[in-house]
Structures are given as structure tokens and as C-alpha cells.
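Let's take a walk through a protein model together. Have the sequence and the 3D view open as you read.

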Amino acid sequence: MTTAQPLDVQPTPLALLLLGREADPRSERGVECPGDLPAPSDPDLVARARAAKEKLGDKVFVLGHHYQRDEVIEFADVTGDSFKLARDAAARPDAEYIVFCGVHFMAESADILTGDDQQVVLPDLAAGCSMADMATAEQVAECWDVLTEAGVAEATVPVSYMNSSADIKAFTGKHGGTICTSSNAKRALDWAFGQGEPRHNKVLFLPDQHLGRNTAVRDMGMSLEDCVVYNPHKPGGGLTAEELRAAKMILWRGHCSVHGRFSLDSVNDVRARIPGVNVLVHPECKHEVVAAADYVGSTEYIIKALEAAPAGSKWAIGTELNLVRRLANRFADEGKEIVFLDKTVCFCSTMNRIDLPHLVWALESLAAGKVVNRIQVDPETESFAKLALERMLALP
Ligand code: SF4
């Protein structure tokens, strides 16, 4: 007779909300847009967006994340990854309104890095990030208590990925840590481990376990055994005090639902289908995918690699589909064959919440003098989050 094993599944602490309906202040998602959205079928949407943007002139600066739809990217003054966009916004102090076509944590970072007189607008408040939602302020505070009880908090430096809420960035700043991006994660970890004090011999990496593990093992020569995973849904994170003491990297159990879909099978399949293909993936992918890929890097790295690729080369890209499709079209004339790594479609559903009707609604509201969907981080959170972001900017 076999004994039933308890399932490793915990109920979500938050009630699930329909995207775009109701409000949940503790979550990245779930707020209704006040006012009437234009119908997606309105044939004048492009003309309306153009007219509203023209009316606003230099008062508005529209940022478009790489994973946004083409219809939205068309109206972006600049495109980039989340950190580049926040810096671009900070470099435009004259712009009264920053319209961020991306997700909630990105708009928060833009608010933190821009002046108090600038207002950051997210066209759809339901555009959250499932990864950022996987680490709440309460859970991270509880984790720190667990580390303190195990006697390792003193030795631990928090390093948080840009893809986290302002609360988590503030926690990081308060506890002497830094923010990192997928481009500078190694530099951030080098800094955290080499703070001159031997007692700093551990990192708590939030919230993406894959970026943390891939950077530690692939770029810094640590072993998989040096990493443990802290599960916020289990008592004590599911780890013993001995495991915490022995670990170098304490990885938060979070992941990106888009990049987490790629598997070793996706890599093997594409190699069988397209002989000679170069597999290029984002470091938010699982470790086995990253280990099997030819190249690994951030969205900016992926774009540069494809720009530099010779004509006739073949590429399978493991990142969000809107970007891969745009790159495939852009480089088709140069004879570069670019395909999506997986066979199934894989958009970031929350990024895709921002569409032309929401953008038109936000721009027309601003043009009429009404600020909608403003993202504003409270001053205390902002000051600690800024500290963590400034540490990143000062990384050697
Ligand atoms: S692609 Fe992943 S990390 Fe980026 S916003 Fe979507 S869920 Fe979050």
C-alpha cells in the first residue's frame, strides 16, 4: 500500500482577480480603467493617438518596452529594456508626463528615478508582472527573520533584480544591497560577495531564481550545490538552518512565466529542425536551457548579437515573442533567419495588456488635462529603493 504524499502546492494568499477588474493594492494587477476606452475596432485609433501626442508635444515622453506590441511601439519615443527606459525618462526632466508602455514595476522605477514634478502614467493598471508578484514585502520581511534566526542575516547581502516591486527594491536598499539587471547581474554579485568583509559571504537573490542561479553557476563558477531555493510558501522557506548556513546563494523561488516555458526539448527540437542554428536565450530561462544554449544574454544583448550576425546565419531566440517577431522582420532582408525557440506561442500576457485603445485613452486624457493611472511611489519607499538603484549605478 502506498501512502499519499502531501502535494508541494500552497494556496495563493491572494484571491485571484480578473485582469483589469477590481482593485488589489497588494498586487501588481487588477484595477479598472476609469472612463471609456475606445473600441479596439475604431478605425481612427492611429489618427487619434497621433493627434493626442501632437497636442501634448514635448510635455509627453512615451517609453516602449521591447516586449510591447508593434501598434504601441509605433508611438514610443524610445524603446529599450526596463532599466534603459527608466534612465531615458530621467534624462528628460522637461517632460511633464512619462507614459510607460511596459508593466507596473517599470513605471515605479521610472517614478523613482524621475523628478517629483514629473508624472508617470501606466496606460493599463492591469499590466503587472507575475514574477514581481512572486515576492511581496511581507514574505521578504519574513524571510529576513528566518535568516536572522539561522544566524546568517549578518552575512547576507540582498541583490534584487530590476523586475521587482518598489517595496522589494526598498527592502534591498535598507539592508545594504543593490539592484541588478540581466546585463549587470555578474557585476552586482561580484560587488555583493567582495564587499571587503569576509562576513559577507552570502547573497539573497530576489525574485528570479533562474537569473540568480545562471549568473552564479555559469558566470561565476559556483556549483549548483552552492545554491538553495527559499520557498516563501513553506515554513522557514523549506530550508533548514544548516542548509542556509552552507549556501552561498539563497535564491527566491520566483520565475518569469514567459521565459520559464522554454525547455531542453525546445532546444533539442530546434537543433533537429534547423541544422546549424544558433540558440540564443535570455538568462531568465531555466538553468538546463541556458546550459544547452550557444549564447545567453539580456534583451539588449540579443538585439546587438543579431545586429552583428552575418548574413545567412540562423538563430532560435528564447525570449518574448513580440520582440522575436520584430527582430525576425527587421533582419529578414539581411538574409538572417530568426525563429522563436518554442513551438508554442509565448507572449507576456500582462505586457500585452497595453494596447492601442489604452494608449489612446491615456494620451487623450492627458491632452484634456486629466492625469489617469498615475504610478506614484511613496517617499519612504522611494528613498530606500533609490539607494539600492544608486548602488547599482555605482557598480564597478
Ligand atoms: S516577460 Fe516575465 S519578467 Fe517580463 S514582465 Fe512578463 S512576466 Fe514579468
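Here is a short tour, from the whole chain down to single pairs of residues.

## The big picture

Keep in mind that this is a predicted model. Its secondary structure adds up to 16 helices and 14 strands. Of the 396 residues in the protein, 46% are buried.

How do the contacts spread along the chain? If you take contacts with a separation of 6 or more, 69% of them join residues 24 or more positions apart.

## A five-stranded sheet

Now find the open sheet, where five strands line up in the order S2-S1-S3-S4-S14 with mixed pairing. Its edge strands are S2 (78-80) and S14 (374-375), and each of these pairs on one side only. Strands in a sheet pair through backbone hydrogen bonds, and they can do so either parallel or antiparallel. S4 (residues 119-121) and S14 go for the antiparallel option, with two bridges between them. There, valine 120 sits opposite isoleucine 375 of S14.

Helices lie across this sheet too. H3 (residues 82-90) lies across S1 (60-65), S2 and S3 (97-101), and runs at about 170° to S1. H15 (residues 356-367) lies across S1, S3 and S4, running at about 175° to S3.

## Two helices that meet

You can describe a pair of packed helices by the angle and the distance between their axes. For H3 and H4 (residues 104-113), the axes come within 9 Å and cross at roughly 35°. That crossing is right-handed.

Which residues of H3 and H4 meet? On the H3 side they are Ser82, Leu85, Ala86, Arg87, Ala89 and Ala90, and on the H4 side Met106, Ser109, Ala110 and Leu113. Sorted by class, this contact has seven nonpolar, two polar and one charged residues.

## A strand with two faces

Side chains in a regular strand alternate between the two faces of the sheet. Look at S13 (residues 337-340) with that in mind: Ile338 and Phe340 make up its covered face, while Glu337 and Val339 are on the uncovered one.

S13 also pairs with S12 (residues 314-318), in the parallel sense and over four bridges. Tryptophan 315 stands opposite isoleucine 338 of S13, the residue we just met on the covered face.

## Around the ligand

Last stop: the ligand. How many residues surround it? There are 13, and the closest are Cys129, Met131, Cys256, Val258 and Cys348. By class, this shell has eight nonpolar, four polar and one charged residues.

How values were computed:
Residues numbered from 1 in each chain as written. Predicted model: local features only at pLDDT ≥ 70, side-chain atom pairs only at ≥ 80, totals over all residues. Near = placed C-beta within 6 Å. Nonpolar A, V, L, I, M, F, W, Y, C, P; charged D, E, K, R; others polar. Pairing = 2+ DSSP bridges. Contact = placed C-beta atoms within 7 Å. Axes fitted to C-alpha atoms, helices over the stretch in contact; angles between N-to-C directions. Left-handed = near helix turned anticlockwise from the far one by under 90°. Buried ≥ 20, exposed ≤ 12 C-beta atoms within 10 Å, placed from the backbone.
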